[in-house]
Amino acid sequence: MKNKLLAMNFQRMLLAGMTAVSLLGFRETDNRTSSKRFFHRQLGGQVYVVIVKSNYELKVYDEDGWFATYPVVFGSKSLEDKMMEGDRKTPEGMFHIASKRPHEKWDKMMLIDFPTKSDIDKFNERKAKGLIPKYAKIGGGIAIHGTWPHDDMAVDLFQNWTNGCIALKNEDVDELYDLLPLGTTVQIVKEEKAQ
């Protein structure tokens, strides 16, 4: 009788443990959300963007300093600088928003002016050193854009899926599209510098 009670208790504990493990497997992911300053809620003066790849963040600044931070994802899990066309890496450097338009797949798109003269010089230097193949092309078409419809979870899950672009949740890219004028400076860095 005692052995039977022990066996029943063990079965109940085992069932409770399996249920707990199953429920944990279905927990919701952490939703990464944007954050904005509380005071001075309107942008003023010169506006610029800093994208920090290691933090998976796009930050907007104006004359009063930090304005907002948005979660983003990129192309390659390697957060290294873009070397050549097709490597799915996001370029690092100083760029500007060159054009803006609605996009049939990714909601809205803000194209940056990659490659710049600095990017071309860096590319040619890497090619001369044999770091990239002689037949390689530099690439282009890098943009800040949204996700596929109903696929904002890719940003929550840090799923790098682009071809080197910077992707935001559609709600966030809609907001940025209205906030950032053509010509806005966009700095892309791997690591945030200590201040």
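**Salt bridges and strand pairing**

In the predicted model, D121 and K117 form a salt bridge in which the closest N and O atoms are 2.9 Å apart. The two residues lie four positions apart in helix α2, so about one helical turn separates them. D121 is partly exposed, with a relative accessible area of 39%, whereas K117, at 60%, counts as exposed.

In total, the structure contains 13 salt bridges. Side chains of opposite charge can pair when their charged atoms come close.

A second salt bridge made by helix α2 involves K122, whose side chain meets that of D81 at a distance of 2.8 Å from N to O. K122 belongs to helix α2 (residues 117-128) and D81 to the loop between β4 and β5, so this pair ties together parts that are 41 residues apart in sequence. The relative accessibility of K122 is 26%, which places this residue among the partly exposed ones. D81, by contrast, is buried, with a relative accessible area of 11%; the cut-off for a buried residue is under 20%.

The loop between β4 and β5 also contains E80, which forms a salt bridge with K190. The closest N and O atoms of E80 and K190 are 2.5 Å apart. Because E80 lies in that loop and K190 in the segment after β9 (185-189), the pair ties together parts that are 110 residues apart in sequence. Both residues are partly exposed: the relative accessible area is 38% for E80 and 26% for K190.

Salt bridges also link E57, K59 and E192 into a network. E57 and K59 fall within strand β3, which spans residues 57-62. Five of the six residues of β3 are buried, so the strand is largely enclosed by the rest of the structure.

Strand β3 pairs with β2 and with β4. Strand β2 (residues 48-52) runs antiparallel to β3 and is joined to it by five bridges. Within this pairing, V49 of β2 stands opposite V60 of β3. The two strands form a hairpin with four residues between them, and in the turn Y56 has a positive phi of about 55°.

Strand β4 (residues 65-73) is likewise antiparallel to β3, with six bridges joining the two. Here Y61 stands opposite W66 of β4. The hairpin that joins β3 to β4 passes through two residues.

Terms used: Residues are numbered from 1 along each chain as its sequence is written. This is a predicted model: local features need pLDDT of at least 70, side-chain atom pairs count only at pLDDT 80 or more; totals for chains, interfaces and linings use all residues. Side-chain values use heavy atoms; hydrogens and water are left out. Buried means under 20% relative accessible area, exposed over 50%, partly exposed in between (1.4 Å probe, protein chains only). Two strands pair if DSSP finds at least two bridges between them. A salt bridge is a side-chain nitrogen of Lys or Arg within 4 Å of a carboxyl oxygen of Asp or Glu.
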